[in-house]
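The following exercises invite the reader to study a molecular structure step by step. Each task is followed by a worked solution.

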Protein chains: 2
Amino acid sequence: MVTEPLTESGAAALSQGFKALSDPVRLRLLSLIAARAGDEVCVCELTDTFTQSGPTISHHLKVLRDAGLVSSERRGSWVYYRIVPAALGTLSQVLDPSTLAARAAGQ
Amino acid sequence: MVTEPLTESGAAALSQGFKALSDPVRLRLLSLIAARAGDEVCVCELTDTFTQSGPTISHHLKVLRDAGLVSSERRGSWVYYRIVPAALGTLSQVLDPSTLAARAAGQ
DNA sequence: CCCTGGTTTCGACGGATGTCAAACTCGACG
DNA sequence: CGTCGAGTTTGACATCCGTCGAAACCAGGG
């Protein structure tokens, strides 16, 4: 898949994904959502876990959503978030040592 | 290894790593260095690839070095950089879908 | 129809970050 | 030594980003 050094635009796209992961709060949010793989998590469950204010959590969830790492669905009064495994997988693979080796072999 | 939702300090540590990857220039630098897996790359080879100034490239290399993603060695007049595979592997594994599934199963 | 509780958006503020030019360090080579 | 080239550090500047309180939005229930 990725067998060559990153292109300028490719790097820009990937860096967006990693930037979404570059904050401790977002990483914990993602972890909490991922811990229910397949299932969903209500925002209210998340806000209770953190000391930061509700708007801040909502902001971080939006960053994760804009990066395509999670998806959200409103049902009644509550909003539920779930993981988008493919997006995580893409980022994981870029850093995978075996992918790195393959890339070196291709070059 | 990581079978539970991230702790507060664990998330902080990981976010440092991802923050180092959250810039397109650093991602391309890492890619260029990784493309020589095992071997090293001279800084002079890297600076030529980018439009940004030498000091800027040096700054980004320092960020990658401080994050433990690459290591540097001075030999004669030149400085050589190489990948630290273990560090990349750790970050990769956190995002690995199968690790995510295992974490969910453990919880 | 208007409260009430859950969630997002807006506006503002302080700190972090990418970038460059200039100054500095460190080997090598006369 | 003195200079030169490779790389790094420093200082400054503009921009971005995390955070909060206040306000707005939205669905459900008197």
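**Exercise 1: Polar contacts with DNA strand D**

In this predicted model, a backbone N or O atom of C44(B) is found 3.2 Å from a phosphate oxygen of DNA strand D. Identify further contacts of this kind, and then describe the surface near DNA strand D.

*Solution.*

Step 1. Begin with chain A. A polar backbone atom of S53(A) lies 2.8 Å from a phosphate oxygen of DNA strand D. For H60(A), an N or O atom of the side chain is 2.4 Å from a phosphate oxygen of the strand.

Step 2. Turn to the elements. Those that contribute two or more residues to the surface near DNA strand D are α4 of chain A and, from chain B, α3 (43–47), α4 and β3 (78–83). The largest share, 4 residues, is that of α4(A).

Step 3. Consider the surroundings as a whole. DNA strand D is surrounded by 21 residues, the closest being R26(A), S53(A), T56(A), H60(A) and Y81(B). By class, this surface holds 8 nonpolar, 9 polar and 4 charged residues.

Step 4. Examine the DNA side. Sugar or phosphate accounts for 79% of the atoms of DNA strand D within 4 Å of the protein, and bases for the rest.

**Exercise 2: The surroundings of DNA strand C**

Determine which residues are the closest to DNA strand C and which element gives the largest share of the surface near the strand.

*Solution.*

Step 1. In total, 22 residues surround DNA strand C, and the closest are Y81(A), R26(B), S53(B), T56(B) and H60(B).

Step 2. Inspect the phosphate oxygens. One is 2.9 Å from an N or O atom in the side chain of S58(A). For R26(B), the corresponding side-chain distance is 2.8 Å, while a polar side-chain atom of K19(B) lies 3.3 Å from a phosphate oxygen of DNA strand C.

Step 3. Assign the surface to elements. Two or more residues come from each of α3 (43–47), α4 (54–66) and β3 (78–83) of chain A, and from α4 (54–66) of chain B. The largest share belongs to α4(B), with 4 residues.

Step 4. Sort the residues by class: 8 are nonpolar, 9 polar and 5 charged. On the DNA side, 77% of the atoms of DNA strand C within 4 Å of the protein belong to sugar or phosphate, and the rest to bases.

**Exercise 3: The relation between the two chains**

What rotation superposes chain B on chain A, and how many residues does the contact take from each chain?

*Solution.*

Step 1. A rotation of 180°, with 0.0 Å of shift along its axis, places chain B on chain A with an RMSD of 0.1 Å. This is therefore the relation of a two-fold axis. In chain B, the C-alpha nearest the axis belongs to S92(B), at 2.2 Å. Both copies use the same surface, for 100% of the contact residues of chain B recur in chain A.

Step 2. The contact takes 33 residues from chain B and 33 residues from chain A. Between them the chains bury about 2,800 Å², of which 74% is on carbon and sulfur atoms. L27(B), R28(B) and L95(B) provide 19% of the area that chain B buries against chain A, more than any other three residues.

**Exercise 4: Confidence in chain A**

Which element of chain A has the lowest mean pLDDT, and which the highest?

*Solution.*

Step 1. Chain A has a mean pLDDT of 90, and 89% of its residues reach 70 or more.

Step 2. Among the elements of chain A, helix α6 (residues 97–106) has the lowest mean, 64, and α4(A) the highest, 98.

Step 3. Where pLDDT is low, predicted coordinates should not be read in detail.

Key:
Residues numbered from 1 in each chain as written. Chains lettered and ligands numbered in written order. Predicted model: local features only at pLDDT ≥ 70, side-chain atom pairs only at ≥ 80, totals over all residues. Heavy atoms only, no water. Least-squares fit on C-alpha atoms with pLDDT ≥ 70 in both. Contact = heavy atoms within 4.5 Å. Near = heavy atom within 4 Å. Polar contact = N/O pair within 3.5 Å; in protein donor to acceptor, adjacent residues only side chain to side chain. Nonpolar A, V, L, I, M, F, W, Y, C, P; charged D, E, K, R; others polar. pLDDT = per-residue confidence, 0-100. Buried area = accessible area lost by both parts, 1.4 Å probe.
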